[in-house]
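Please work through the following exercises with the sequence and the structure at hand. Each task is followed by a solution in steps.

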Amino acid sequence: MTYHEMKEQENRYVMNTYGRFDIALDHGRGAQLWDVEGKRYIDLTSGIGVCCLGYDNDKMIDAMTQQAHKLIHVSNLFTTEPMIQVAKTLCTQTGMSKVFFSNSGAESNEGMIKLARKYSFDKYGEGRAQIVTLYNSFHGRTVTTLKATGQEKFHQYFFPFTEGFAYANANDIASVKAAVNEHTCAIMMELIQGEGGVLPLDPDFVRQVEALCREKDLLLLIDEVQTGIGRTGSLFCFQQYGIKPDAVSMAKGLGGGVPIGAIMAADTCDTVLGPGTHATTFGGTPLICAAANAVLAEVTNPEFLASVTQKGEYLKEKILGFGSDKVKGVRGMGLMIGIAVDAKERAALVKEIMDAGVLVLTAGTNVIRLLPPLSISYEEMDEALAVMQKVFCK
Ligand SMILES: *Cc1c(COP(=O)(O)O)cnc(C)c1O
């Protein structure tokens, strides 16, 4: 099918819920993608932080091929080895205690919310179900995680939303303290607000939130759906903040391109969800866990993680080095980078960059967001930088 034929049939048969770019992608290699007309792009999106090992990682493909021949799926009523291996790696690498597998970021956050509410119910009974989240956060698209998301624009149309969320300002401990009351059971946050604009939380604020959680027996829930799996230069971002969360959610990068999510719990709450309290048909299925094991084998390597930090610094330095007054700031950690621009100029800048063969994302109202495959090469980065420099310095 040509692009125009595809577009016509997409409009006919697929719900129009995404503001898609005028690009139909066909195949990929490394951090490069080709569209159906053969045009090549350097990819600085990795499918929104998903394809962390690029588009043709042999180890991932081999692991999935072998597992597909052996066993694709059985129900969670049976034990399977790939799932155990993923859980063991996550726990031994982080000091967390136990894992529950899901299929997406929103679903992982739903699981954390259930975990926190049941933890509190078991200990204190009913009436302590409120969860404090931050303004400008993003936690997902289900009816509950939309409400957990601290942005008014997400609290529309789908009433009634799940009750029991209160919001506080990021980097403002007084605001968090004001939102916490006798009904609160947990505080949930991203350490770098991703969709909100690539906004890293202040380490002092994060430590103060942790202390507040310990003082009031609130669970500290960290949403690492975007920041996890090596994205920020450590396996999880919380490891760089030096905190001990009670639960951590993940998804995006964990499967390297196949759908998987998970929550891991610390020993403070690792037995809260028992038989019959939480489940999902596809969670931890062997085919997908084979991919996740291949991803983790690479991403837990300290040299690989150090290379993510180095590449992130390289990109940030080069972008600042453009000396363009259109670049209002560059922030982020590892290969999660936000370029602040004038909100009114952003759409035109993104279009020019994409037309010139580099795929980028946006975040917040005025940020161009870069989430390249963690395996991107320096040649690929240099090619993308040359394109961006031309656009920014025109
Ligand atoms: C993407 C994202 C989600 C939602 O993940 P889905 O897999 O789309 O449900 C939740 N939290 C954060 C921080 C995210 O970046």
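**Exercise 1.** Determine how the residues of the shell around the ligand divide into nonpolar, polar and charged.

*Solution.* In this predicted model, the residues around the ligand are S104, G105, A106, N109, F138, H139, E190, D223, V225, Q226 and K252. Glycine is counted as polar. On that basis the shell comprises 3 nonpolar, 5 polar and 3 charged residues. Helix α5 (residues 105-124) supplies the largest share of the shell, 3 residues.

**Exercise 2.** Identify polar contacts of the ligand, taking 3.5 Å as the limit for a pair of N or O atoms.

*Solution.* Begin with the backbone: an N or O atom of A106 lies 2.7 Å from an oxygen atom of the ligand. Turn next to the side chains. An N or O atom in the side chain of Q226 is 2.7 Å from a ligand oxygen, and for the side chain of K252 the corresponding distance is 2.6 Å. Finally, consider the surface: the ligand taken alone exposes 380 Å², of which the protein buries 80%.

**Exercise 3.** Establish the strand order of the open sheet of 4 strands and locate the helices that lie across its strands.

*Solution.* The order is β13-β14-β17-β16, with antiparallel pairing. Strands β13 (329-333) and β16 (361-363) are the edges, as each pairs on one side only. From one strand to the next, the twist averages 30°. Within the sheet, β14 (residues 336-340) is joined to β17 (residues 367-370) by 4 bridges; A340 has V367 in β17 as its bridge partner. Helix α11 (residues 302-321) lies across β13, β14 and β17, at about 175° to β13. Helix α12 (residues 343-355) lies across β16 and β17, at about 35° to β17.

Note on methods:
Residues numbered from 1 in each chain as written. Predicted model: local features only at pLDDT ≥ 70, side-chain atom pairs only at ≥ 80, totals over all residues. Heavy atoms only, no water. Near = heavy atom within 4 Å. Polar contact = N/O pair within 3.5 Å; in protein donor to acceptor, adjacent residues only side chain to side chain. Areas by Shrake-Rupley, 256 points an atom, 1.4 Å probe, with all protein chains shown as cover. Helix = DSSP H or I, 4+ residues; strand = E, 2+ residues; numbered from the N terminus. Pairing = 2+ DSSP bridges. Axes fitted to C-alpha atoms, helices over the stretch in contact; angles between N-to-C directions. Contact = heavy atoms within 4.5 Å.
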